[in-house]
Amino acid sequence: MLAALLHRNGSSQKKTVSPKSDLPVWIQNFVGFLVDRSGAMNRLKLISGHLSPGGSAAPLPDLRSSDCGCAAPSPEDEVVVVHGRRTAIGKAKKGSFKDTTPDELLSAVMTAVLEDVGLSPDQLGDVCVGNVLQPGAGALMARVAHFLSGFPEKVPVYTVNRQCSSGLQALLNIAGSIRSGSIQLGLACGVESMSLRSMGDPGDLSSGLSANAKARDCLIPMGVTSENVAERFGVSRQQQDAFALDSQIKAARARDSGRFDQEIVPVSVTVRDESGRERRLQVRRDEGIRAGTTLEDLARLRPAFKPNGTTTAGNSSQVSDGAAAVLLGRRAAVEELGLPVLGVLRGSAVVGVPPDLMGIGPALAIPAALQQAGLKVNDIDVFEINEAFASQAVFCVQRLALPPEKVNPLGGAIALGHPLGCTGARQVVTLLNELRRRGRRAFGVVSMCIGTGMGAAAVFEFPGP
């Protein structure tokens, strides 16, 4: 059903093309966010080749080789993923983590990752934690979690906030430190408690932003940007609901078959009811999955952001709590310590897009990351694209001509939930475990849109058993 709807939209919603170029207008308009003017046409042709199902542009160079003018890293200097774990994802405000602080969630995954591989925390060169809602991006919270995990004071920790990509950005920051030679091993994490902190306060901003259209657009509610994408690019309510249903079905199937069991760290928590009574329980299953969802159920939901809109609670990501951690290292150091290699980071990109259309970010970030990795869309086995909203996810799948069966095979944020700072790290854990299950060399992409108008993507290789 989803594949048929995507095909229908792809054939009936074609955009007009400038007579001076065979490139889609939307790329021409937004390309300034990716490159400077002098390189624009070459970059446009390259991206157009990615977005064309037939790959009409010239074959991509392998950016890991000296042929493209880049010095290829030697194998021993590659950034590799050793291991990753995550908590279950809880429903914000009413789920099992509603009374659990983010430092406790974070400590659970930090501890588990190192214990699983038998690594002492004093061998870490740095720890980076993605967080969005805690004061100061959670800098104090992260150091507290660090000590709760038994990490020594000599190991540093810091936080990063790039909104919905914060967990992935933490990984890219650690990877950068490894590439520079500053550290040999590092821990990248992401955490969010959307039960204990809300998104309402934009902070202290200049009154002058009202005179700048782009600055003003940064304050547009995320749900309204979803409606903008749906209207601008012709993504129907039926397509969004079909995508949402697909996410629920795939997530329920993955949960029931035990595919998430290996990546989830059981967390013991105390939950208080409305009368203040406490009970202890262990959380080991994602709480947002609605296995019995039907298209009829989704169709009955009212628009959440515009009276006549198409974005609903059923085809949007859920507000959630959770944490994830990923151990990375320089390959030579990893092998010297006898640690496993779960994946290799092959490329990454962060791009800017119009703030009022922030959901299109993956459609530009994925081609940029693939270019860096020397790969094409057809080379990728699994795309983990964050389902902030079905509207933008459908658009990105259609625009990049991604085979629907390769997109979020275990479901995504519509079913699982989207704890903001955690999601990017959680996606990496889920992706690499899925590639490993396939039992052969494979490539995967993690990507997400970012509030205020950005997109991020990273390319990973599972090297095989």
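The paragraphs below go through this protein from its overall make-up to particular helices, charged pairs, loops and a patch on the surface.

The model is a predicted one, and the protein in it contains 15 helices and 12 strands. Of its 465 residues, 58% are buried, and the protein exposes about 18,800 Å² in total, with carbon and sulfur atoms supplying 50% of that area. When contacts between residues with a separation of 6 or more are considered, 79% of them involve residues that are 24 or more positions apart.

A good place to begin looking at the details is helix 9, which covers residues 237-256 and packs against helix 13, residues 390-399, with the two axes 9 Å apart and an angle of about 90° between them. An angle from 65 to 115 degrees counts as roughly perpendicular, and helix 9 and helix 13 are therefore described as roughly perpendicular to each other. Where they meet, helix 9 contributes Gln-239, Gln-240 and Phe-243, while helix 13 contributes Ala-390, Ser-391, Ala-393, Val-394 and Gln-398.

Helix 9 also holds a charged pair, since the side chains of Asp-246 and Lys-250 meet in a salt bridge with a distance of 3.8 Å from N to O. Side chains of opposite charge can pair when their charged atoms come close. Asp-246 and Lys-250 are 4 residues apart in helix 9, which means that about one helical turn separates them. The two partners can be described separately by their accessibility: Asp-246 is partly exposed, with a relative accessible area of 24%, whereas Lys-250 is buried, with a value of 12%.

How many salt bridges does a search of the whole structure find? The search finds 24, and two further examples are worth following in the model. In one of them, Arg-300 is joined to Asp-297, with the closest N and O atoms 2.6 Å apart; here Arg-300 is exposed at a relative accessible area of 61%, and Asp-297 is partly exposed at 30%.

The other example lies in helix 11, residues 331-336, where Glu-335 and Arg-331 are 4 residues apart and so are separated by about one helical turn. Their side chains meet in a salt bridge of 3.5 Å, N to O. Glu-335 counts as partly exposed at 47% relative accessibility, while Arg-331 counts as buried at 15%. Both residues belong to one network, in which salt bridges that share partners join Glu-78, Arg-331, Glu-335, Arg-346, Arg-441 and Glu-461.

Turning from helices to loops, the reader can find two residues that have a positive phi although neither is a glycine: Gln-163, at about 50°, and Asn-408, near 45°. Gln-163 is placed in the loop between strand 4 (157-160) and helix 6 (166-180), and Asn-408 in the loop between helix 13 and helix 14 (413-416). Is each of these loop residues buried, partly exposed or exposed? Gln-163 counts as partly exposed, because its relative accessibility is 29%, whereas Asn-408 counts as buried, with a relative accessibility of 0%.

The last stop is on the surface, where Leu-140, Val-144 and Leu-148 form a nonpolar patch that has about 290 Å² of accessible area in total. Leu-148 is located in helix 5, which covers residues 139-148. Exposed residues are those with over 50% relative accessible area, and Leu-148 therefore counts as exposed with its value of 51%.

Note on methods
Residues numbered from 1 in each chain as written. Predicted model: local features only at pLDDT ≥ 70, side-chain atom pairs only at ≥ 80, totals over all residues. Heavy atoms only, no water. Patch = residues over 30% accessible without salt bridge, like charges linked within 9 Å, V, L, I, M, F, W, Y side chains within 5 Å. Areas by Shrake-Rupley, 256 points an atom, 1.4 Å probe, with all protein chains shown as cover. Salt bridge = Lys/Arg side-chain N within 4 Å of Asp/Glu carboxyl O. Helix = DSSP H or I, 4+ residues; strand = E, 2+ residues; numbered from the N terminus. Buried < 20%, exposed > 50% of the residue type's maximum accessible area, 1.4 Å probe, protein only. Axes fitted to C-alpha atoms, helices over the stretch in contact; angles between N-to-C directions. Parallel < 35°, antiparallel > 145°, perpendicular 65-115°, else oblique. Contact = heavy atoms within 4.5 Å.
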